[in-house]
Each structure stands twice: as structure tokens, then as C-alpha cells.
Protein chains: 2
Amino acid sequence: MPVYKAPVEDFLFLVLDVFPLERHSNLPGFADMTSGTLKMILAEASKLAEEAFVPSNPVGDQEGCTWHPDGSVTTPNGFKEAYEDYTSGGWMGLSASVDFGRQGLPATLNAVMQEFLCSANLALSMHFGLTQGAIAVVLARGTQEQKKIFVPKMVEGAWTGTMNLTEPHCGTDLGLLKTKAVPNGDGSYAISGTKIFISAGEHDMAENIVHLVLARIEGAPAGTKGISLFVAPKFIVNDDGSVGERNGVSCGSIEHKMGIHGNATCVVNYDGAKGWLIGQENRGLNAMFVMMNEARLAAGVAGLSQSEVAYQNAVACAKDRLQGRSLTGAKFPDKPADPIIVHPDVRRTLLSIKAFNEAARALVVWTALKSDIAHRSSDEAERQSADDHMGLMTPVVKGVLTDLGFANAVKAQQMFGGHGYIEEWGMSQFVRDARITQIYEGANGIQAMDLVGRKLGKDGGRAIMGFFNEVGAFCQENAGDDTLKGFIAPLQEGLSHLQQATMWFMQNAMAKPDNAGAGATDFMHLFGLVAMGYMWAKMAKVAHSKKQQGNGVAEKMDAKLLTGRFFMERLMPETASRLACIQAGSDTIMEMPTHLF
Amino acid sequence: MPVYKAPVEDFLFLVLDVFPLERHSNLPGFADMTSGTLKMILAEASKLAEEAFVPSNPVGDQEGCTWHPDGSVTTPNGFKEAYEDYTSGGWMGLSASVDFGRQGLPATLNAVMQEFLCSANLALSMHFGLTQGAIAVVLARGTQEQKKIFVPKMVEGAWTGTMNLTEPHCGTDLGLLKTKAVPNGDGSYAISGTKIFISAGEHDMAENIVHLVLARIEGAPAGTKGISLFVAPKFIVNDDGSVGERNGVSCGSIEHKMGIHGNATCVVNYDGAKGWLIGQENRGLNAMFVMMNEARLAAGVAGLSQSEVAYQNAVACAKDRLQGRSLTGAKFPDKPADPIIVHPDVRRTLLSIKAFNEAARALVVWTALKSDIAHRSSDEAERQSADDHMGLMTPVVKGVLTDLGFANAVKAQQMFGGHGYIEEWGMSQFVRDARITQIYEGANGIQAMDLVGRKLGKDGGRAIMGFFNEVGAFCQENAGDDTLKGFIAPLQEGLSHLQQATMWFMQNAMAKPDNAGAGATDFMHLFGLVAMGYMWAKMAKVAHSKKQQGNGVAEKMDAKLLTGRFFMERLMPETASRLACIQAGSDTIMEMPTHLF
């Protein structure tokens with residue numbers, strides 16, 4: 001049975017020392033982010049993850065969800081109870097506005113929560129993961145009445161939310177979508193069409209499901225400019241807010257997938273279902289992007305979550321599995337063999353995962369904090385700069401944390417030898433579950449194109465220039481700090497590679513967009529390395545100063561510094577080869593005739 | 001339903017043009033390796049793969065093998081029939097010696113065969129894949145009588161062979177093994193113990209199963225120096241060669257695995273089973289390595305095979321899937337969207353797989369040909385040099401072709417978007433099946449250690465110096481060839497990185513072996529890149545000269561050259577970062593206290 005212990009201490013290091021939330025006490029909801037409060041919240045969150053979510057994770061993988069001929073779906077044993085623990089703890093509304101009777105705490109804490117719960121049970125977490133995004137959409141674009149009807153129920157977790165975009169013939173290219181909406185004359189629309197890949201599109205864990213669905217109003221323009229967003233609940237809501245008659249929306253089947261078996265991926269059929277317009281006609285994609293951006297950050301966190309839980313199990317195995325002897329002589333001569341953690345190649349593998357996990361976690365906290373600032377600050381300049389950061393970093397967090405999250409789950413599985421391939425050991429599940437994070441919420445190639453094609457040049461490159469300035473200034477300020485010697489030089493080199501790549505795009509991709517496409521994925525990963533390298537440099541600085549305090553944390557801070565040094569020595573060198581690939585351009589790639597692939 | 005077409009043309013390019021088998025007509029079995037013969041053999045082989053093996057591949061994944069309480073195992077629907085097609089075609093004995101009534105054709109052709117059959121159906125191919133290794137062991141170390149009893153039956157495929165090494169507490173570290181052998185007094189031994197992870201340890205496709213099993217003779221020394229090799233058939237063989245009474249060996253259960261569901265991975269219980277010593281007492285590991293080396297090369301081919309079949313399906317999808325428009329304007333304005341193959345990032349992904357596949361295939365043919373030379377040449381110097389090559393390249397082929405084979409199957413799956421995650425599309429199976437190749441026959445970390453710890457320094461580094469000399473000479477000879485401009489410079493740079501890495505080990509790992517361990521995996525991959533880069537340079541030279549012949553192959557040769565250029569531009573840059581990682585050494589890695597991982 002796999003183990004999992006929520007990385008509470010590491011998160012506390014981030015929210016207390018590296019990005020102290022207390023410093024933002026002027027923001028709504030940040031008033032009481034003291035060490036005591038944060039420790040209490042994280043302790044409760046870790047308890048929920050470890051005790052309520054972990055046990056049903058392998059169960060969900062083995063049992064899967066069951067679709068019944070009446071269109072209902074049963075979730076695996078234990079899921080319902082775990083979800084009740086989640087909602088009764090008030091976790092869904094953790095960061096929801098106090099207008100809805102909730103705590104209004106920082107969304108940053110939600111990101112922490114997401115990592116814990118996804119590590120513990122990704123398939124289960126996906127049942128309600130999109131609900132927060134659905135809440136955000138209704139709050140941002142819905143009418144007062146829609147907010148009143150749907151938000152409180154979703155905030156309390158009594159109803160869950162879904163996101164209905166994909167159709168059998170279109171995923172990435174939503175301009176092709178065919179689902180149609182015909183006005184009923186009473187303000188509602190009759191929605192007809194088929195949506196696929198709808199996560200938690202049907203289940204037995206909540207009394208209603210709030211489908212947010214993209215459709216084309218009769219007579220709307222073709223392409224993406226004719227798409228509107230509707231809310232179409234599974235059960236029509238009565239005037240008193242209670243659940244009424246069944247709507248014309250049903251689950252036609254569920255998919256047989258590589259992983260996340262515990263989450264029903266549904267074909268959802270709309271058969272004249274009643275729906276209500278959210279936001280303006282034909283502005284549906286724009287409205288959906290409120291949800292999409294939340295979902296993309298959450299996908300990145302999900303990628304990290306599988307890397308973390310797989311890592312913890314790999315460490316346990318490496319300490320436990322006795323095979324062979326250390327290259328420098330037996331370390332445990334009294335045992336029949338040494339544990340494999342004595343081997344440099346095993347340590348290198350484990351450290352490469354650990355060094356990523358801790359940097360990725362910092363990147364998530366940094367970005368989530370920017371999201372709080374963008375939504376809550378009263379200072380317009382601060383809001384804008386935070387929003388720039390969010391836009392720029394969303395595809396990086398989604399693409400890089402899921403690509404490396406998956407790769408790390410595979411590396412962790414490898415530590416088990418043949419046992420890693422046997423389902424009972426649980427490592428296969430982490431790999432299979434992690435795999436979806438690279439695909440959903442926009443496949444990673446799309447993230448790379450979003451970054452390079454949209455985010456880089458936006459507002460004259462304001463966001464990327466802001467990033468360059470911040471990292472550059474940090475390097476300059478700390479260039480003379482001997483304790484950061486192993487950090488600043490590689491970070492500066494990585495930054496220079498990133499700047500050269502950006503410059504190369506400016507010079508070569510304006511006239512020839514294929515050069516941008518050909519380098520997009522390498523650029524995204526180059527960016528991810530530099531962003532994580534910056535996180536390590538910041539963490540190293542804090543770790544050094546904490547060490548001076550000598551309050552019993554020296555050993556842990558030394559481990560931080562070693563892990564960071566490993567990142568600089570072993571992961572940062574890749575920035576050079578990423579740059580070389582980008583600068584190779586698109587000629588060879590585009591020259592190959594299609595029929596000769 | 002996934003597609004597969006055996007890459008016959010690409011193999012013909014290799015065995016006719018790049019490494020012309022005809023040039024070795026002095027070797028036994030190579031007399032008739034003309035274009036006509038080779039085309040005929042490959043056409044037949046491809047037919048077997050495409051028609052007999054492909055259809056039951058998804059069936060095997062879905063049905064799996066079934067273990068019955070009497071210890072018998074039923075294989076999936078269609079496996080038996082496909083295996084009959086294989087044996088009745090005489091394929092098992094393709095390269096077996098004419099002493100056993102077979103064709104004695106080059107083992108190189110076996111490697112081709114392996115790729116075809118593993119692409120078509122890896123789980124099925126693994127049922128008999130080890131039989132050729134078992135034949136090799138019995139031929140190399142068995143008595144005349146053992147050869148007479150076991151070899152002809154295995155050559156005709158009536159009996160299959162297995163390799164029994166792993167036990168519940170030991171895989172990599174065979175010194176720990178406990179299975180014991182007690183002399184029966186009649187020349188046979190009573191073998192008792194439990195072996196795990198035995199591929200095709202029980203099945204219903206052959207009338208007997210020849211288990212080659214490692215065990216410790218009572219009173220033998222501890223560790224690896226007390227291990228002997230035995231043959232213990234499922235059924236005792238009567239004096240007339242017919243199958244007699246059941247031996248005390250049985251399948252206790254089969255594993256529930258991530259992939260290769262169609263192959264039974266067995267727990268095999270030896271309960272005083274009758275076994276006969278093969279080779280000398282306590283020299284079992286040495287004897288087993290005859291089989292192990294064959295199995296490692298075959299594992300590399302299996303990795304490549306999944307990359308190839310996944311690639312073919314990804315190309316079909318990329319040509320077929322309509323999403324979005326080309327960055328340079330609609331390419332198919334009459335269709336609702338362009339096929340995704342217009343996008344540079346999709347082409348980059350596909351080319352990165354294709355460029356690997358063709359180089360890896362060349363590396364396999366080159367190495368298999370060396371194996372033929374090592375076994376068949378009458379020239380001792382030639383045999384030695386070929387054997388050097390084999391020893392050096394075996395861990396590289398195993399480790400690199402399986403790591404990249406798996407990574408490529410994942411990339412190919414990504415082309416399908418959400419559909420790639422749905423089992424019915426078949427891409428998940430390629431990923432799950434490919435995963436085992438990184439683990440079995442010695443996990444890839446072990447391959448890296450074998451390369452760096454054993455093979456590099458062997459015979460004063462004779463093998464690696466031979467490789468450096470050959471590649472260096474090629475670069476020098478062709479430095480002035482303008483048509484090879486994009487090939488020689490990156491190859492030379494990669495070679496220089498590899499030489500620097502080797503030098504670094506010489507200077508830093510002798511006194512401090514942890515430096516070798518810490519850099520082993522990076523070194524293996526650096527080596528793989530240079531070896532594949534060399535293959536591309538050789539292929540490019542041949543492609544240019546074939547183009548001059550103008551015999552209607554110009555377009556295909558241009559595609560070769562483009563693919564090779566892609567490899568040089570996009571895959572070779574990684575050699576620099578691999579070198580940097582190696583040179584980072586082991587200090588940081590070893591300094592981390594175990595309890596702080």
C-alpha cells in the first residue's frame with residue numbers, strides 16, 4: 001500500500017519564509033496569516049488528505065466508476081465518504097468570498113490544498129476540482145440571480161461543477177463545435193449536442209451537477225466568435241432553490257482510460273436541455289477562460305502532486321530494498337546487502353525529483369499569490385503586474401509541471417525494479433494517473449503555443465520584460481553574496497539563454513511564424529527551468545538566513561541548500577540545449593513532405 | 001484499431017546499402033545475402049507480423065492471460081494460432097546452426113524479425129523471445145546430450161525456453177539467491193525454491209517449457225560465486241526424446257501488470273524439481289550471461305519496436321485529425337480545419353521519433369552484424385574487435401533504446417489529445433507495454449553501471465578506444481565533404497563531449513568510484529546520442545551517393561537526409577548538457593543525509 005505524508009513543512013517554509021503571506025495583510029482575507037493560523041490550517045488539510053483521501057486511491061483505480069443503463073454513475077467505494085469529509089470541513093469554500101458566508105482565505109492556500117488532495121487521490125479530487133473554477137465563472141460573468149442560485153450550493157459542495165467544451169470532432173479547435181442552443185422564449189435555451197471527455201460529468205456524490213456548456217446560438221457566426229456559454233444543471237432548480245425536475249442532459253457512457261479510473265470521463269448528451277446564458281452572447285469562450293486558467297494552474301499542481309507522492313514511495317523503497325553493495329564498500333555489513341539508496345545513480349534519480357518538486361511547489365505558491373494579488377489588491381499597478389505574471393506563468397506551470405511530473409513518476413517507478421510494473425505496488429497508478437495531466441485542460445503543445453504565440457508579445461512584451469527584470473535584479477543584488485555562489489551564476493546563465501531565445505523569436509518569428517511553432521515546446525521548458533532556478537535561488541537565500549538564526553532548523557536548511565545545488569548542477573545545464581534547439585528554427589521541420597513522414 | 005506496416009524498405013536500406021551483408025559473404029550463412037533473397041525474407045517476415053501478429057495485440061491487452069487453480073495458464077485468443085504461423089514458417093531457427101537442420105542465416109536478420117514482431121505484438125513475441133537465448137546457452141555450455149535433447153525441439157519452436165533468475169528478495173543482486181539444488185545421485189539435482197517475474201513461465205502454446213534456472217548447490221560458497229545453472233523442463237524428457245512425466249515445477253500465480261498483459265509473468269515454484277547442471281558447478285552466472293546479453297539486445301529492439309509502431313499511428317492521426325489552422329494560413333481551406341501535421345510542433349514531435357527510430361534501427365543492425373562476425377568469423381582479430389563492440393554496445397542499446405522507445409511512445413500518444421488516453425485507441429497499450437523494456441533484463445540504471453563500471457575500462461579501454469577511432473576517422477575522412485556539412489560538425493562535437501566525459505571518469509572516478517556512479521546514466525545517454533549521430537552520418541553519406549544514382553529513390557533519400565539533419569539539429573545538442581551533468585560529479589549527491597531525502 002503506497003504511503004503519503006503531506007509536505008506541510010515545505011509549504012510552511014514557502015508561505016512563512018519565502019513568500020510570507022503576512023506581508024500582504026492589507027489584502028482581504030490575508031489579515032490572519034500568522035504562523036499559528038497557517039500551521040493549523042495545513043495540519044487539518046494534511047489530515048484530510050492522509051486519512052480520508054489516501055485509502056480509497058487504489059480502490060478507485062481497481063474498481064473504477066460504474067455506468068448504469070439508466071445513465072447513472074456509481075463512484076468507487078469510499079469516494080462519497082471522503083468527499084463528505086471534504087465538504088463538511090468547509091474546504092470547498094476556503095477562499096470563496098465572505099459574501100457567500102465563507103472564510104475568504106487566500107487562494108494560495110487552495111493551491112496547497114490541491115497538491116495535498118491530488119497526491120492523496122487524484123481521481124477523487126477531480127470530482128470537485130472544477131467546481132472552484134465553475135464558481136469563479138459564475139461570479140465573474142453570471143447575473144445576480146445566477147450567482148444566488150448556483151454559487152452558495154457549489155461553495156458548500158452540495159453541487160459540483162463541470163466544464164463542457166470538447167465534442168467528438170473537436171477539442172483544441174473549439175471553433176468547430178456544433179452543440180446548438182435555441183431560445184425557448186422564456187429567457188432559457190434548449191441545448192442539443194454531444195460533449196465528450198467531461199470529467200465527473202455524472203456521479204453519485206452530489207445532489208446536483210452544474211454543467212457549464214459551450215454551444216452555438218442558432219444563427220450565430222461560425223468559428224470561435226459564435227460560441228456562447230450556458231449553465232445547464234442536471235436538475236432544474238426550483239424557485240426556492242431546491243432541486244426540481246431532471247433536465248434533458250444525461251451521461252451516455254463513460255470512457256475506459258489509461259488512468260484516473262476513479263473519475264468518470266463522460267459522454268454527456270444534451271437533448272434539448274434547458275440552459276441559461278452566462279455573460280454575453282457569442283462571448284462564451286472568453287467567459288470560459290476564467291475557468292480554463294484556474295483549471296490549467298490546477299493541472300500543473302496535479303502534475304506536481306503525482307511527482308511528490310511517487311517520490312515519497314520511491315524514497316521509502318530505496319531505503320528498504322536491499323540489493324548489492326555501495327561502490328565504496330559495504331555500508332551495512334551486517335545486512336545481506338546495502339539498501340539501494342547508497343548508490344549514486346539512485347540518489348541522483350531521487351534528487352532530480354526532489355529538486356523539481358520543491359522548486360515547482362515554490363512556483364505554484366508564487367503564482368497563486370499573484371492570483372490573490374491580481375484579484376484582491378486595491379493598487380492598480382500591483383494588480384496589473386500580478387495579472388501579467390499569471391498570464392505568462394499559467395502555460396508554464398501547466399506544461400512544465402505536468403511534463404516533468406509525469407517523467408518523475410516514471411523515474412520513481414523505476415526505483416522498484418520489476419515490482420514497479422506490478423499494479424499491487426501502486427507505482428503504476430501514479431504513472432498512469434499523472435499521464436492525463438499532460439493532456440487535459442489543453443495539451444502541452446497548446447500551452448507552449450499559448451506562451452510563445454500569445455503571452456510573449458502581449459502588451460508589447462510587458463509580462464516577460466517584468467520577469468527578466470525581476471530575475472536580473474535578483475542576480476545583480478546577490479552577485480556578491482558568497483553563500484549564493486553556486487546559485488547565481490547558473491541562474492544568470494539560464495536567464496541569458498532565455499533572453500537569447502526570446503530575442504531570437506523577435507528577430508525570426510515575426511516574419512516566419514513557423515519558427516515560433518518549432519521552438520515553442522523548447523521555449524516553454526527553458527522558461528520553466530529558469531523560473532524554477534529563480535525559485536531555488538530565492539529559497540537558498542532564505543535558507544542561509546534561517547540557518548544563521550540557529551533555531552534548530554540548520555540541518556533541514558542544509559538539505560534545502562544541497563537540493564538546490566543539485567538543481568543548479570544537474571537540471572539547469574539543459575537550458576543550453578533548449579536554446580540550441582530553438583535556434584535551429586523550422587526549416588528542416590517544414591521541408592519534410594507530409595507523405596514521407 | 002492501431003495500424004502497423006513493417007519498415008521493410010528502411011531495413012533494406014541498412015542491409016543492402018549502409019551495412020551490406022553481401023560484403024561478408026565469407027561468413028557462414030552469409031553466402032546468399034543478395035538483394036533478391038533479402039527482399040524475399042523481409043517480405044515474408046513483414047507478412048507474418050502484419051497479418052498474423054497484429055490482430056491479437058489489442059486482444060491480448062484486454063483479455064490478458066488466465067491462471068487456473070491447477071497451475072495452467074491460458075493465453076489470449078489468437079496467440080496460439082499466431083505462434084503456429086511463426087513456428088511453421090521456420091522463423092525460430094532462422095539463424096540456428098545448420099547442424100540442427102536449419103538455415104543458419106545471419107543473426108542480423110533475427111534482429112530485423114524481432115523488431116517487426118515486437119511492434120506487431122510485444123506480449124506474444126515475449127512468449128518465445130527468450131527461446132533463442134536458451135538455445136544459445138545450451139549450445140554454448142551444454143553437454144552433447146543436452147544439446148541433442150533440447151536444441152532441436154526449441155529450434156522448431158515445439159518447446160519454448162525461459163530464464164529463471166529473480167527471486168522475491170533479489171533481482172539485480174543475484175548473490176542473494178536462495179533456490180537450492182541437491183544432488184539426486186543419478187547425475188540430476190532436486191531443485192527447490194521460488195522464482196518470480198518469469199516471462200512465459202507457463203502457457204499453452206508449446207508442448208514443453210525448458211526452464212533455465214539459477215540455483216545454489218548444497219554447500220556452495222555464498223554470493224555470486226556459488227551459483228550454478230540448471231535445465232529443468234516442465235515435462236521430463238523420455239529417452240526417445242518424447243515428453244514424459246510432469247516435473248516438480250509449477251506456476252503458483254501470475255502478476256497483474258501495467259502492460260504486456262498477454263504475457264504471463266509467473267511465480268514459478270520448484271518443489272524438488274529434477275534439473276541437470278549446465279556447464280560447470282558455480283559458474284552459472286557466467287553461463288547465464290550468454291543468454292542475458294542476447295536478451296538485453298532484444299530488449300533494446302523491443303523498446304525501438306514500440307517507438308516505431310506508436311510513431312506510425314501518430315503519423316496517421318496527425319494526417320487525419322483536423323484541428324485549427326496552419327500558422328501561415330489555411331492549408332486546406334476547403335476542409336473545416338487543417339490536419340494537425342501542418343503545425344511545426346507536431347512535425348517536430350514526429351520527426352524526433354522518426355529520427356530516433358531510423359538511427360536506433362541502424363545501431364541494432366550494426367551491432368547484430370558485429371554479433372554475427374564475433375560468432376562466425378575465422379579471423380581472430382576481426383572476432384575480437386566485433387566482440388569488443390558487442391560488449392560495449394549491449395548496455396547502450398538496451399538502456400538508450402528502451403528509455404527513448406518509451407519516451408517516444410508517450411510523445412506519439414500525445415498527438416491524439418484526449419483520445420490517446422482512451423484504451424480503445426491503442427496508444428495507451430504501446431506506452432504501457434514499452435514501459436517494461438526499461439525494467440526487465442537489468443533495469444537501465446544497471447545497464448549504465450555495466451557500461452561505466454565494467455565495459456569502459458575492460459582490456460585497458462580497448463573497446464571504447466576502437467569506437468573513438470572509428471568515429472574520429474569517419475569525421476576526418478569526410479570533413480571536406482560539403483554534402484555532409486550539417487552532419488560531421490555536430491558529430492565531431494558530440495564525440496568530443498563523449499571523449500571529455502570518458503577522460504573525466506579516468507581522472508576522477510578511479511580514486512572515487514561514486515563519481516562514476518553519479519555520471520553513469522548521463523554517460524550512457526551521451527554515448528547513445530553519439531552512436532546514433534554516427535549512424536546518421538553514415539546513412540547520410542550513403543543517401544547522398546544513392547541520390548546521385550538517380551534510380552527513382554531521390555525523394556526517399558531526401559527524406560533520409562532531412563530526418564538526419566533534424567537529428568543533428570535537435571537531438572545532438574543534448575550531448576553538451578549530459579557532459580555538464582557528468583562533470584558535476586558526486587559530491588552534492590553523496591552529501592545529502594539519507595534521512596533528509
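This is a short tour of a predicted model, with stops to select in your viewer.

**Stop 1: the whole of chain A**

Start by selecting chain A and showing it as a cartoon. You should find 18 helices and 11 strands in its secondary structure. With 597 residues, chain A has a radius of gyration of 24 Å, close to the 25 Å from the globule rule, so it is as compact as a globular protein of that length. Turn the view along the principal axes, and the C-alpha atoms fit a box of roughly 80 × 60 × 60 Å.

**Stop 2: inside chain A**

How much of chain A is buried? Of its 597 residues, 63% count as buried. Now look at the contacts: among those in chain A with a separation of 6 or more, 73% join residues that are 24 or more positions apart.

**Stop 3: the surface of chain A**

Switch on the surface next. Chain A exposes about 20800 Å², and 51% of this area comes from carbon and sulfur atoms. Then colour by charge: chain A carries 64 negative side chains and 52 positive ones. The centres of these two sets are 4 Å apart.

**Stop 4: a glycine in chain B**

Move to chain B and select residues 444-455, which form helix α12. Within this helix, pick out B:G445. Is B:G445 buried, partly exposed or exposed? Its relative accessibility is 23%, so B:G445 counts as partly exposed, given that buried means under 20% and exposed over 50%.

To finish, add B:G399 to the selection. B:G399 and B:G445 are separated by 46 residues in sequence, while their C-alpha atoms lie 7.9 Å apart in space.

Note on methods:
Residues are numbered from 1 along each chain as its sequence is written. Chains are lettered from A and ligands numbered from 1 in the order in which they are written. This is a predicted model: local features need pLDDT of at least 70, side-chain atom pairs count only at pLDDT 80 or more; totals for chains, interfaces and linings use all residues. Side-chain values use heavy atoms; hydrogens and water are left out. Helices (H or I, at least four residues) and strands (E, at least two) are DSSP runs, numbered from the N terminus. The radius of gyration is taken over C-alpha atoms; the globule rule is 2.2 Å times the number of residues to the power 0.38. Buried means under 20% relative accessible area, exposed over 50%, partly exposed in between (1.4 Å probe, protein chains only). Contact means heavy atoms within 4.5 Å. Accessible areas come from the Shrake-Rupley method with a 1.4 Å probe; for residues, only the protein chains shown count as cover. Lys and Arg count as positive and Asp and Glu as negative; His and the chain ends are not counted. The place of a charge is taken as NZ of Lys, CZ of Arg, CG of Asp or CD of Glu.
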